[in-house]
Amino acid sequence: MPHAISRRTLAKGALLAPLALVGCSGETPADLDKDGAQAQGLAALGEPSPVPLARATQFSLDSFEGGWKLATLASGESLLVVPEGEVAPEGLEDGVAVVRQPLENVYLASTGMICLVDAIGALDAVSISSVTAEDSPVPAFTERLEEGAITYGGIYRAPDYELISATGCPLAIENTNIDHVPEVRAKLEELGVTVLMEQSSREEDMLGRLEWIRLMGALFGRDEEAGEVFEDVAARVEEVSSEGPLGTTVAFFYVNEDGAAVTRRAGDYFCQMIEAAGGEYVSFSEDGAADSSPTTVTVEMEQFYAGARDADVIIYNGTIDDGVSTLDALVEKNGLLADFRAVQSGNVWTCDSNLYQQMTSMAEIISDLRAALSGASEPTTFFWRLG
């Protein structure tokens with residue numbers, strides 16, 4: 001995982017992995033350097049002021065007089081947000097991409113950002129998406145897809161380049177999957193599209209993921225709205241997390257095509273949410289694991305059985321595969337699951353397929369989790385018991 005980054009890194013010119021520079025430069029601000037010459041690049045904007053972030057570590061924001069913003073990502077990417085009516089400075093440093101306000105015709109391919117863009121009231125700026133109405137995690141987004149205000153433009157690895165080019169799309173908001181198809185990114189940039197790879201999934205803190213709303217606010221000119229949403233959700237998360245531990249052990253997993261159990265990495269944001277709900281997450285070491293990723297650990301079923309068979313509650317992760325709807329369907333995944341304490345006691349739950357895309361509903365998810373861990377008899381919004 002990338003380390004936390006300084007909010008003044010870009011101002012010092014220490015730029016890393018390049019993004020395409022979009023558009024052409026115009027007149028620069030009239031600032032002069034110390035030798036009296038016309039200042040170039042970021043220096044023309046004056047001294048940056050860091051925007052305070054409470055939890056996020058995978059990006060930083062700097063603001064400049066006149067409404068200019070500079071976003072620096074932990075991956076080394078950087079974007080200069082140019083206010084309406086202004087032009088980018090001449091001599092802009094290599095690796096600084098340009099995003100001009102007001103934004104419109106944005107291609108939104110990151111499903112995790114949909115709820116954040118919706119929460120700040122900026123869906124009007126989105127005209128293309130990689131999400132269909134059937135798979136949309138946000139009702140307002142679904143409605144716009146059904147009405148045609150937003151057009152399906154292909155999935156992230158096979159976007160509709162002709163549509164994207166025809167609409168004059170200035171910005172594509174992708175998640176980290178875009179790293180797996182560099183040729184797609186290159187083609188988008190060739191068409192004049194700035195590509196933002198949001199990295200909220202790499203945040204270690206559960207509220208760090210939510211704080212990416214501040215970056216969305218900076219891009220869409222909704223800074224105030226973004227701050228209000230973050231503070232409101234964070235306050236509600238703190239409130240629902242204050243009820244204390246339940247003494248309940250919880251296993252959260254799904255079964256992959258090879259019959260192995262895929263669990264969340266100990267300490268990641270969803271494990272934090274389980275603990276905030278009063279549960280004790282059953283974690284697995286990478287030692288002996290079949291495979292792993294920055295967010296998951298894959299273990300053979302025998303190892304999973306040894307570590308999780310006595311868990312008080314099982315939650316089957318229905319966000320990845322087609323999920324399960326009954327206990328029998330769960331046991332069909334692997335016969336060893338029939339011997340788990342939670343299966344025998346009927347304390348097995350599953351979750352909404354869009355669980356990971358509901359960052360603004362974090363307080364409600366934690367509340368629903370606590371209800372499940374407390375033995376609720378009725379389904380909640382995000383979790384329900386298997387029968």
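Two residues are taken to be in contact when heavy atoms of one lie within 4.5 Å of heavy atoms of the other. On this basis, in the predicted model, Phe-270, Met-273, Ile-274 and Ala-276 of helix 8 meet Met-362, Ile-365, Ile-366, Leu-369 and Leu-373 of helix 12. The residues of this contact comprise nine nonpolar, no polar and no charged. Helix 8 spans residues 269-276, and its axis comes within 8 Å of that of helix 12, the two crossing at roughly 55°. Helix 8 and helix 12 are therefore oblique to each other, an angle of this kind being neither under 35 degrees, nor over 145, nor between 65 and 115. The crossing of helix 8 with helix 12 is right-handed. Helix 8 also includes Cys-271 within its residue range 269-276, and Cys-271 is buried, with a relative accessible area of 1%.

Helix 12 has a further partner in helix 7. The axes of helix 7 and helix 12 are 8 Å apart, and the helices pack at an angle of about 15°. Because angles under 35 degrees count as roughly parallel, helix 7 and helix 12 are assigned to that class. Their crossing is left-handed. On the side of helix 7, the contact is made by Val-233, Arg-236, Val-237 and Val-240, and on the side of helix 12 by Met-362, Ala-363, Glu-364 and Ile-366. Six of these residues are nonpolar, none is polar and two are charged. Met-362 and Ile-366 take part in the contact with helix 7 and also appear in the contact with helix 8.

Helix 7, residues 223-240, packs in addition against helix 6, residues 213-220, at an angle of about 165° and with the axes 7 Å apart. Helix 6 is therefore roughly antiparallel to helix 7, and the crossing of the two is right-handed. Helix 6 contributes Ile-213, Arg-214, Gly-217 and Ala-218 to the contact, while helix 7 contributes Asp-223, Ala-226, Gly-227, Val-229, Phe-230 and Glu-231. By class, the residues of the contact of helix 6 with helix 7 are five nonpolar, two polar and three charged.

These helix pairs belong to a chain with twelve helices and 18 strands. Of its 387 residues, 52% count as buried. Among the contacts in the chain with a separation of 6 or more, 63% are accounted for by residues 24 or more positions apart.

Several loop residues were also examined. Gln-358 is located in the loop between strand 17 (348-351) and helix 12 (362-373). With a relative accessibility of 13%, Gln-358 counts as buried, because the class takes in values under 20%. When residues up to four places away in sequence are left out, Gln-358 touches Cys-115, Pro-137, Ile-365 and Phe-382. One of these, Ile-365, is a residue of helix 12 that meets helix 8.

Gly-76 occupies a place in the loop between strand 3 (68-73) and strand 4 (78-82). Its relative accessibility is 6%, so Gly-76 also counts as buried. The C-alpha atom of Gly-76 is separated by 8.7 Å from that of Gly-95, a residue 19 positions away along the chain.

The loop between strand 5 (96-100) and strand 6 (106-108) contains Pro-102. The peptide bond leading from Gln-101 to Pro-102 is cis, with omega near 0°. Asn-105 is found in the loop between strand 5 and strand 6 as well. Phi of Asn-105 is near 60°, a positive value in a residue other than glycine. Asn-105 counts as partly exposed, its relative accessibility being 24%.

Cysteine residues were considered last. A disulfide is a covalent bond between the sulfur atoms of two cysteines. A search of the whole structure finds zero disulfides. Cys-169 is buried, with a relative accessible area of 5%, and Cys-271 is likewise buried, at 1%.

Definitions and conventions
Residues are numbered from 1 along each chain as its sequence is written. This is a predicted model: local features need pLDDT of at least 70, side-chain atom pairs count only at pLDDT 80 or more; totals for chains, interfaces and linings use all residues. Side-chain values use heavy atoms; hydrogens and water are left out. Helices (H or I, at least four residues) and strands (E, at least two) are DSSP runs, numbered from the N terminus. Buried means under 20% relative accessible area, exposed over 50%, partly exposed in between (1.4 Å probe, protein chains only). A disulfide is a pair of cysteine sulfur atoms within 2.5 Å. Axes are lines fitted to C-alpha atoms, for helices over the stretch in contact, and angles run from 0 to 180 degrees between N-to-C directions. A crossing is left-handed if the near helix is turned anticlockwise from the far one by less than a right angle, and right-handed if clockwise. Ala, Val, Leu, Ile, Met, Phe, Trp, Tyr, Cys and Pro count as nonpolar, Asp, Glu, Lys and Arg as charged, and the others, Gly among them, as polar.
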